[in-house]
Amino acid sequence: MMVFPLFWFLFSTISSTLPTQANTFPPCNETEKHALLRFKRALYDPGNRLSSWSAHDDCYEWNGVHCHNITGRVIELHLGNPCFLDFGELSCHEFAFGGKVSPALLQLEFLNYLDLSSNEFGGAPIPSFLGSIRSLIYLDLLDASFGGLNPPQLGNLSNLHYPLLGGIDYSSNSENEPPSLYVENLHWISHLSSLEYLLMLQCLGQFKCLESLSLEDNSFDCPIPSSLGNLSSLSFLDISGNRLNGTLPRSLWLLPNLVFLYIGTKSLVGAVSEAHLKRLSKLKSLDILLPALSSNVIALNMANNSFSRPISQFLCQKLNKTSKLEMLDLSNNDLSGELPQCWKSWPSLSHLNIGNNNLSSKIPNSIRSLISLKAFHLRNNGFSRSVPLSFKNCTSLGLLDLSDNQLLGNIPDWIGELTALNALSLRSNKFIREIPLQICQLSSLIVLDLTDNELFGFIPKCLNNFSLMAAIKTRDSLFATLQYSSFEMESLMLMTVGRELEYIGILKYIRMIDLSSNNLSGSIPTELSQLVGLRFLNLSRNHLRGLMLEKIGRMTSLLSLDLSMNHLSGEISQSLADLTFLNHLNLSYNQLWERIPLSTQLQSFDAFSYIGK
């Protein structure tokens, strides 16, 4: 085999002119020195790169060996192919190690850095004994022609920060080429508790039968490997919560069985378009931080990010076909501007959440185009003016959340025509005038939240028409509008048991009326006691007068009752003692009599529940 003398002369000369460590290092540890010599004998070294490894010299003078300047123990081995690093493709194989990696390395008990990259080990497996060098922090075996099964014993390296494995994929080359690395499972990665960076070129692509791959919430800081495109059976892929960068690989769009794709990172370049997704015929759910969208996607979750662009740039993009999108979640971003007029582009949209953004102006009349709409979240934005009449067209609407905005005027009479409504939240706006009697036509209502407005007048007596609040048990089929897939339910922020909570997945079990913080007057209608399924009732901070509900004990499902800061008078209803499930009670700041009904449950509440009477 021919060696290029000029290259090796330069390499040896540069190495020999480096400052020596003889004056600063203690003698080499004899056990480690002999271990390195055994390691050398097992290698094939055609370029004579280890010529300085002599029994007559201390090992800290050897090329590629770094020792600790106090203890003299070997801590690093830099044995990557220098030709590959410095001279490109110039006959690099002439300087590549071959042969075997000797287990003599186990004698180097303080070794924390091992680089064998760009050598030629002829398809030999990565030695499993490397998993016993527990001191390793950095391991580089890239392009070293290792093949076969990646040893799961590497998972024992709890101090390992930077494993670099794999390399060129020879799977499509001749039979004489070494085989690629592959892995049977990724459980061993979970044991790398110090992991900061992982590079496994080609290995992932060997999982031909893998159906689900979840690598979310790690610290992967690299491009998405193109080998993911070889996972032809994959139906679920979640690589969100990492620091992935670069462009989306074309191979990612060649996964014909993919149903759920979660990428969720801000550092990728590119867009999701028809050209990308045309082969993903089974894709149902996509969570990705990119603006363009295929018309085939049914569910898109882009919540909890930092989008700050005008919302029209996303919603009004031109599509080649009519969109099939049914669920769109853009909540918890920094989207700005007005709601656009291009809702005709989304005829299949049934569940829309754009809450917690910086949207403003009025709600457009073009909302009437969303005839399939079942749930609409606009909470915590800056919408003003009145609720548009165009909502009347949305006859399938089951949830309407317009809370925490600056909407004006009265609650419209036509609200009673949305008879499919299960949940209506208009809290924290500037609605005035009386609660319209037409609201009582919403017999399927289970949540009515009108708190923190400027409503006045009487509480409608007809609220007992809320038949689902008047029943103890109800069928799940009555809440189909609150469900946007076979496994996910709508959520809603509600003030219950004295604090604000988000009810996720269990909204169908809530029964709530909250009319607090308004200017309501008159007495509490006795008809409310017929709502025996009601769990949360809040009428506090109004101007209500008269007696407490005499038959409040019928409302045996109540978990929370707040009648504080009114002008109620008379005796505390003795039937209150029948509310055995009650865990939050506030009757403070009224003119009620002091005698509290005898009940273990009522005696458990602190004095604040009754103060000011």
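**The nonpolar cores**

Begin by selecting Phe376, Phe391, Leu424, Ile439 and Leu515 in this predicted model. Among the 94 residues of the largest nonpolar core, these five touch the most other members. Keep Ile439 on display and add Ile415, Leu424, Leu448, Leu450, Leu463 and Phe466: Ile439 is in contact with each of them, its neighbours within four places in sequence being left aside. A second core, separate from this one, comprises 43 residues, and Leu43, Leu105, Leu114 and Leu165 are included in it. In soluble globular proteins, nonpolar side chains tend to be buried together.

**Helix α2 and its surroundings**

Select residues 30–42 next, which form helix α2. The helix has 13 residues, and the distance from its first C-alpha to its last is 19 Å, close to the 18 Å expected at 1.5 Å a residue. At the N-terminal end, display Asn29, which caps α2 with a side-chain oxygen 3.1 Å from the backbone nitrogen of Thr31.

Colour Glu32, Lys33, Ala35, Leu36, Leu37 and Phe39 within α2; these residues are buried. Against which strands do the buried residues of α2 pack? They pack against β1 (43–44), β2 (65–67) and β3 (74–78).

**Aromatic pairs**

The structure holds 5 aromatic pairs. Stay with α2 and show the rings of Phe39 and Trp53: their centres are 6.3 Å apart and their planes stand at 35 degrees, so the pair is tilted. Phe39 belongs to helix α2, whereas Trp53 lies in the loop between β1 and β2, so the pair ties together parts that are 14 residues apart in sequence. Both Phe39 and Trp53 are buried. Add Trp62 to the selection, since ring pairs link Phe39, Trp53 and Trp62 into a cluster.

Move on to Phe121 and Phe146. The ring centres of Phe121 and Phe146 are 4.8 Å apart and their planes are at 10 degrees, so this pair is stacked. Phe121 is found in the loop between β5 (113–115) and β6, and Phe146 in the loop between β6 and β7, so the pair ties together parts that are 25 residues apart in sequence. Phe121 is buried at a relative accessible area of 6%, and Phe146 is buried at 8%.

**Two residues with positive phi**

Now select Ser145, which lies in the loop between β6 (138–140) and β7 (148–149). Most residues other than glycine have a negative phi. Ser145 is not a glycine, yet its phi is positive, at about 60 degrees. Is Ser145 buried or exposed? With a relative accessibility of 14%, Ser145 counts as buried.

Asn356 also merits selection: it is not a glycine and has a positive phi of about 60 degrees. Its place is in the loop between β20 (351–353) and β21 (358–361).

**Leu378 and the loop before β23**

Select Leu378, in the loop between β22 (375–377) and β23. Leu378 is buried, its relative accessible area being 0%. Which residues does Leu378 touch, not counting those up to four places away in sequence? They are Leu339, Ile354, Gly355, Ile363, Phe383, Asp401, Leu402, Ser403 and Asn405. For a distance check, draw a line from Leu378 to Asn357: the two C-alpha atoms are 8.7 Å apart, while the residues are 21 apart in sequence.

**The open sheet of four strands**

From Leu378, proceed to the sheet. Its 4 strands run in the order β19-β21-β23-β25, with parallel pairing, and the sheet is open. β19 (336–338) and β25 (406–407) occupy the edges; each has a single partner strand, so one side of each is left without a neighbour in the sheet. Select residues 382–385 for strand β23, which pairs with β25 in the parallel sense over 2 bridges. To locate this pairing, display Arg385 together with Leu407, its bridge partner in β25.

**Strand β37**

The last stop is strand β37, residues 567–570. Its covered face carries Leu568 and Gly570, and its uncovered face carries His567 and Ser569. Strand β35 (residues 543–546) pairs with β37 in the parallel sense over 2 bridges, and Gly546 stands opposite Leu568. β37 also pairs with strand β39 (residues 591–592), in the parallel sense and over 2 bridges. Here, select Ser569 of β37 and Gln591 of β39, which stand opposite each other.

Definitions and conventions. Residues are numbered from 1 along each chain as its sequence is written. This is a predicted model: local features need pLDDT of at least 70, side-chain atom pairs count only at pLDDT 80 or more; totals for chains, interfaces and linings use all residues. Side-chain values use heavy atoms; hydrogens and water are left out. Two strands pair if DSSP finds at least two bridges between them. The expected span of a helix is 1.5 Å times one less than its number of residues. Buried means under 20% relative accessible area, exposed over 50%, partly exposed in between (1.4 Å probe, protein chains only). Contact means heavy atoms within 4.5 Å. A polar contact is a pair of N or O atoms within 3.5 Å; within protein, one must be able to donate a hydrogen and the other to accept it, and residues adjacent in sequence count only if both atoms are side-chain atoms. A nonpolar core is a set of buried Ala, Val, Leu, Ile, Met, Phe, Trp, Tyr and Cys residues joined through side-chain atoms within 4.5 Å. Rings of Phe, Tyr and Trp (its six-membered ring) pair if their centres lie within 6.5 Å; planes under 30 degrees apart count as stacked, over 60 as edge-to-face and the rest as tilted.
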